[in-house]
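Please read the following report with the sequence and the model side by side.

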Amino acid sequence: MEDTTMDIGQVKKVLEVALLTTQEPLALAELKKLFDEDLSSDALRRILEELRTDWEERSVELTQVASGWRFRARPEFQRYLDRVNPIRPPRYSRAVMETLAIIAYRQPVTRGDIENIRGVTVSTNIIRALEERGWIDVVGHREVPGRPALYATTKSLLDDLNLRSLDELPPLDDLGALVETAGEQTELPVAPEPEAVPQPQPQPELYEDRRRAAAA
Amino acid sequence: MIEAMAPNPIAKIYGEPILEVPHDLYIPPDALEVFLEQFEGPLDLLLYLIRKENINVLDIPMAQLTVQYLEYVEMMRAKTLELAAEYLLMAAMLIEIKSRMLLPQPVAAALEEDPRAELVRRLLEYEQMKLAAQGLNELPQAGRDFALVQVVFDEAVAERLPDVNPADLRSAWLALLTRASVQRHHRITREQLSVRDYMSRILRRLQETRYVQFNDLFDAAQGIAVLVVIFLALLELARERLVELAQQAAYAPIYVKLRSGPLLAVE
């Protein structure tokens, strides 16, 4: 019965402690379970927004992603954290990122669709790596001979990129604009070099080759 | 004089004019291979050639492009790179497009599509995705570019042992003393007891067992002097953070255990 007298400040604190002690994003439905009384989604959202504002000046921020709300460290502090732990996850190779981009922007797609766009065979390793990362999954099969699997991106990808929905992905370059960009890209595309010590990489195909960056 | 007569030396090394480009020093041994490996397939290579030559995508000079493309493919073969079949397929396609363009166009077929249209469409579609991939890669990624936050609240997550307060140590010590005094031997021999020595002994013992009960470290029969030294050694070890003293509850046995983490990293 004490909950009925719970003021907004207290609600905010309860939300705060729940979000701080959970690494995974918490959906509104889950956050509602924290309270005896029936809080409307709107009210809850308003309080979450307030909480977000409260944390604005801190190194940690409250963000809303595909699966719900969660706290994250602001990216600009990552370089300090990296000093403590210089082993950072390696960056994915262009092959992996291009495959992911095609799935993200053209989903649902089959492996054949991906191969048509990239003009090369998509290795099973790449698909598996993305599946294991939890970024893509099979959402069905195309009803053609062979019933190829249809791939789509998951909420987890959006969470990891700190996005709420696919609409928030960077917009695609207009094809018409690409026709006119002749000559702008004379440099070889070189992916940004990972700044940190790379981990031993058992599957070089999936990760960036250090030699490329060195030679470029 | 000789230098002046030499036809345009490219460079001078130790005063010697160099007239010819050295054959093997020119490109670092792996550079070409690395350069060629950078392409994600024939479309990527074609796109590179087109963008490099500042070619209008809507009016690709097929002969020029095909020649350049084949040069690269030849280089790849010469370098015995594993040449994917896709590269050869693309070469065949380029030549086919070129030859179709050479054929005289019957008037009726004037409306037929430019043979290059399909290639252009694929190139642009690929380029669009290639740029999208770069864009995706630039988005901050959890774990790579930002950290997630989690405050620990579950006590079971980290094993937490109660701290030992000085009074507990004191009473344990007194209990030992009482026991020792009961069986006190009087010896005249003088022993050189080094606290450091006993510290090492305790550590060595802990290396084998990880932890030991406080009482087990002391053998009352050794006499008070030794007990004192052991006790001092233990305190010293704890002070230097080489061991940890832990007690589950009041009056429960006190455990001495090695501090986790590398032993030598302690300042």
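The report below takes up the contact between the chains, then one helix, then one pair of helices.

## Basis of the model

This is a predicted model, in which local features need pLDDT of at least 70 and side-chain atom pairs count only at pLDDT 80 or more, while totals for chains, interfaces and linings use all residues. Residues are numbered from 1 along each chain as its sequence is written, and chains are lettered from A and ligands numbered from 1 in the order in which they are written.

## Contact between chains A and B

Counting residues as in contact when their C-beta atoms, placed from the backbone, lie within 7 Å, the contact takes 48 residues from chain A and 47 residues from chain B. On the side of chain A that touches chain B, H5(A) gives the most, with nine residues.

## Helix H5 of chain A

H5(A) (helices being DSSP runs of H or I with at least four residues, numbered from the N terminus) has 13 residues and reaches 17 Å from its first C-alpha to its last. Twelve of the 13 residues are buried, so H5(A) is largely enclosed by the rest of the structure; buried here means that 20 or more other C-beta atoms lie within 10 Å of the residue's own, with C-beta atoms placed from the backbone. The cover over these buried residues includes helix H7 (124–132) of chain A and helix H6 (117–138) of chain B.

## Helices H3 and H4 of chain B

The axes of H3(B) (residues 42–52) and H4(B) (residues 62–78) come within 10 Å and cross at roughly 125°, the axes being lines fitted to C-alpha atoms over the stretch in contact, with angles from 0 to 180 degrees between N-to-C directions. Leu45(B), Leu46(B), Leu49(B) and Ile50(B) in H3(B) meet Leu65(B), Gln68(B), Tyr69(B) and Tyr72(B) in H4(B).

Terms used: Helices (H or I, at least four residues) and strands (E, at least two) are DSSP runs, numbered from the N terminus. Two residues are in contact if their C-beta atoms, placed from the backbone, lie within 7 Å. The expected span of a helix is 1.5 Å times one less than its number of residues.
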